[in-house]
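Student: I would like a close look at one part of this structure, with the rest brought in only where it helps place that part. Please walk me through it as you would at the bench.

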Amino acid sequence: LPFARFAVNELDAPLEYGCETFDAVYAFSVFTHLPAALQTHWMSELHRVLRPGGALVLSLHGDALLPKLNRSERGAYRRGALV
């Protein structure tokens, strides 16, 4: 796409963009594949590159996969824990 610039980032390193660079940031089907420490890292990093008042759009499985969780996992999920 001639109007876009693409880059590949490291899994646990800062993005190459400066603070408050973007009006919108999206991450579809990303966080569900990351362990807790990397989810925390990327939430912080996406917040860093997002301009104040910007939009962060991300997708999570949420309630859609609740039936696939065992009883213990469902309890943790309902308490707000990462499952």
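Tutor: Let's begin with the term we need most: a residue is called exposed when its relative accessible area is over 50%, buried when that value is under 20%, and partly exposed in between. Please keep in mind that this is a predicted model, and that the part I have picked is its largest pocket.

The space in the largest pocket comes to about 790 Å³. A total of 25 residues line the largest pocket, and those nearest its centre are N9, L15, Y17, V25 and Y26. Two elements each give two or more residues to this lining: strand 1, residues 22–27, and helix 1, residues 36–49. Strand 1 supplies the largest share, with five residues. Sorted by class, the lining has 21 nonpolar residues, three charged ones and one polar one.

Now look at Y26, one of the residues nearest the pocket centre. Is Y26 buried or exposed? Its relative accessible area is 61%, and because that is over the 50% cut-off, Y26 counts as exposed. Lying nearest the centre of a pocket and being exposed are both true of this tyrosine.

Aromatic rings are a good next stop. The structure holds two aromatic pairs. In one of them, Y17 meets F22 edge-to-face, with 5.0 Å between ring centres and 80 degrees between the planes. The other joins Y26 and F28 in a tilted arrangement, 5.2 Å centre to centre and 35 degrees between the planes. Both Y17 and Y26 are among the residues nearest the centre of the largest pocket, and each has a ring partner, F22 for Y17 and F28 for Y26. F22 has a relative accessibility of 28%, so it counts as partly exposed.

Two residues around strand 1 deserve a look at their backbone. In general, most residues other than glycine have a negative phi. E20, in the segment before strand 1, has a positive phi near 55 degrees without being a glycine. S29, in the loop between strand 1 and helix 1, is another non-glycine residue with a positive phi, about 55 degrees. E20 is partly exposed because its relative accessibility is 46%, and S29 is partly exposed because its relative accessible area is 42%.

Following the chain onward brings us to helix 1, the other element that gives two or more residues to the pocket lining. Helix 1 has 14 residues, and at 1.5 Å a residue they should span 20 Å; the end C-alpha atoms are 20 Å apart, so the expected and modelled spans agree. Its buried residues are L38, Q39, W42, E45, L46 and V49. They lie on the same side of helix 1 because they cover an arc of only 135 degrees around the axis. On the face turned away from that buried side, you will find the exposed residues A37, T40 and H47.

For contrast, here is the second largest pocket. Its space is about 410 Å³. It is lined by 16 residues, with T32, H61, G62, L82 and V83 nearest its centre. Twelve of the lining residues are nonpolar, four are polar and none is charged, whereas the lining of the largest pocket includes three charged residues.

Finally, strand 2, residues 50–58, gives you some landmarks, G54 being one of its residues. G54 is partly exposed because its relative accessibility is 28%, and its C-alpha atom is 19 Å from that of V30, 24 residues away along the chain. A55, also in strand 2, is partly exposed at 36% relative accessibility. From A55 to T40, 15 residues apart in the chain, the C-alpha separation is 18 Å; T40 is one of the exposed residues on helix 1. P52 is in strand 2 as well, and it is exposed, with a relative accessible area of 65%. The C-alpha atoms of P52 and F3 are 24 Å apart, with their positions 49 residues apart in sequence.

Conventions: Residues are numbered from 1 along each chain as its sequence is written. This is a predicted model: local features need pLDDT of at least 70, side-chain atom pairs count only at pLDDT 80 or more; totals for chains, interfaces and linings use all residues. Side-chain values use heavy atoms; hydrogens and water are left out. On a 1 Å grid over the protein atoms alone, a cavity is a set of points where a 1.4 Å probe fits but cannot get out, and a pocket is an open set with protein on both sides within 12 Å along at least five of seven lines; lining residues have an atom within 4 Å of a point. Grid points are joined across faces, edges and corners, and a volume is the space filled by probe spheres set on the points. Helices (H or I, at least four residues) and strands (E, at least two) are DSSP runs, numbered from the N terminus. Ala, Val, Leu, Ile, Met, Phe, Trp, Tyr, Cys and Pro count as nonpolar, Asp, Glu, Lys and Arg as charged, and the others, Gly among them, as polar. Rings of Phe, Tyr and Trp (its six-membered ring) pair if their centres lie within 6.5 Å; planes under 30 degrees apart count as stacked, over 60 as edge-to-face and the rest as tilted. Buried means under 20% relative accessible area, exposed over 50%, partly exposed in between (1.4 Å probe, protein chains only). The expected span of a helix is 1.5 Å times one less than its number of residues. The arc is that of the directions from the helix axis to the C-beta atoms.
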